[in-house]
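Reader: Please pick one part and take me through it closely. Keep it brisk, and give the cut-offs as you go.

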Amino acid sequence: MLLALAATAIVAIALLSDLIVPRLDEGWRRLRARRRRVPQLEYDPGRELRAEQRARELLRSCVNDKEWEMYRDLGFIRVWGKQADGPEGPRVSGGAPYAYVIYPHRPIVAYLAQTHRLLGEYCIEFPDETRPYGSGRLPDSDDVLAKWMALTGDERRLIAMANMHLPGRQLDPDQVRRDLWRLAQWERRRMRDAAQRSTPSSADASA
Amino acid sequence: MKPGYGEVLIAEGDIELSEDEERLIREFRRQLDSGLWAAVPLADAQGRRESRMVRSFEDIPRDAERVIFFPRAAGGR
C-alpha cells in the first residue's frame, strides 16, 4: 500500500514538475532581482542649480539682449511668428501678426499681437531618454532655449509636432493675459529708459 | 544640453584643419544618430538673433562658432 502511494506521488510530481519548476525558477529570479542593489541617482538640488546656471549662460549667449532681459525680468520670452497665415491658418488668425510666449516646461502660447487674443497652447517636450542624471528633464533655461531654437529655426515643423489645445487647458488664460500686459509695460519702460539714455540731460545741455 | 547638467562641450576644433573637420563631422553624425537635433545660433547685422536647424554637416555655415545639440521635440501633454 505504502509503496503504491509513494509510486503515485513520484509520478504526480514528475507530471507536475513542468508546471512547478518554471514557477519556482521565476520566483527565485524575482527574489534575486529584488535583492540586487541598483545604483540610483538621487535628486541633488546643488547639481540642478549648477545646471540651471550653465543653462542660463547658454541661453544668454544665444538670444538677443532684449529677449534675455525679458526672460530675466518676466520669466518668459516672446518670439514673433513668421507664417503668413498664422500657426493654424488664416481662418484662426486672419493673417494678423502673431507671436508665441515661451515658458519653461509649460506649453507655448500663441496669441494675436494687437488684440492679445490667445490662439492656442502648443504642448511640446524635449525628453532625454538616456536620463543621464536620473532625469529626462532639461533645466528650465535649456527648455526655453530648445523651444526658442526650434521655433526660430523651423516654426512650422515644431508647431506640427506639438499637441495643440485651446487656450486654458494648462495655463490660466487670465494669467497669460496678465503676462502680456506685464510685457507691454516692460517694453514701454525699456523704451523710455533707452530714450532717456540717448538724450542729454538738462544739465548737460545747459553746460 | 543635458538634464541635470546643462551645457556639455562635445567637441571643438578648427574647421580649416582636415583632421579637426573629420573629427567634427564624426561627432556631428554621432549626435544626430543618437536622436538629437542640431541648431546653429545666428545673428544678423541688425542684432536680430535666430537659429538654423541643421540636418547635415554641410548645412552648418563655415563661420559658425558652435552647433548646439538638444533632445528631439515630442508632443507633450
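Author: What follows takes up one strand, then the contact between the chains, then a pair of helices.

This is a predicted model, in which local features need pLDDT of at least 70, side-chain atom pairs count only at pLDDT 80 or more, and totals for chains, interfaces and linings use all residues. Residues are numbered from 1 along each chain as its sequence is written, while chains are lettered from A and ligands numbered from 1 in the order in which they are written.

Confidence comes next. The complex has an ipTM of 0.92 and a pTM of 0.79 from the predictor. Chain B averages a pLDDT of 91, and 100% of its residues score at least 70. (pLDDT is the predictor's confidence in each residue, from 0 to 100.)

Now the strand. β4 of chain A covers residues 118-125. Strands here are DSSP E runs of at least two residues, helices are H or I runs of at least four, and both are numbered from the N terminus. β4(A) is mostly covered, with six of its eight residues buried. (Buried: 20 or more other C-beta atoms within 10 Å of the residue's own; exposed: 12 or fewer; partly exposed: in between; C-beta atoms are placed from the backbone.)

Its pairings within chain A come next. (Two strands pair if DSSP finds at least two bridges between them.) β3(A), residues 108-112, pairs with β4(A) in the antiparallel sense over four bridges. A:Ala110 stands opposite A:Gly120 there. These two strands form a hairpin with five residues between them. In the turn, A:His116 has a positive phi of about 60°. β4(A) also pairs with β5(A), residues 163-165, antiparallel over three bridges. In that pairing A:Tyr122 stands opposite A:Met164.

The strand also reaches chain B. β4(A) and β4(B) pair antiparallel over two bridges. A:Ile124 stands opposite B:Gly75, and A:Glu125 stands opposite B:Ala74.

Now the whole contact. It takes 35 residues from chain A and 24 from chain B. (Two residues are in contact if their C-beta atoms, placed from the backbone, lie within 7 Å.) On the chain B side, the elements giving two or more residues are β1 (36-43), β2 (49-54), β3 (68-71) and β4 (74-75). β2(B) gives the most, with five residues. By class, this side has eleven nonpolar, six polar and seven charged residues. (Ala, Val, Leu, Ile, Met, Phe, Trp, Tyr, Cys and Pro count as nonpolar; Asp, Glu, Lys and Arg as charged; the others, Gly among them, as polar.)

Helix α5 of chain A includes A:Ala150. This residue counts as buried because it has 26 C-beta neighbours inside 10 Å. Beyond four places in sequence, A:Ala150 is in contact with A:Leu158 and B:Ala73.

Last, the helix pair. α2(A), residues 45-62, and α5(A), residues 140-161, pack at about 30°, with their axes 7 Å apart. (Axes are lines fitted to C-alpha atoms, for helices over the stretch in contact; angles run from 0 to 180 degrees between N-to-C directions.) α2(A) and α5(A) are therefore roughly parallel to each other. (Under 35 degrees is roughly parallel, over 145 roughly antiparallel, 65 to 115 roughly perpendicular, and the rest oblique.) Their contact has six nonpolar, one polar and four charged residues.
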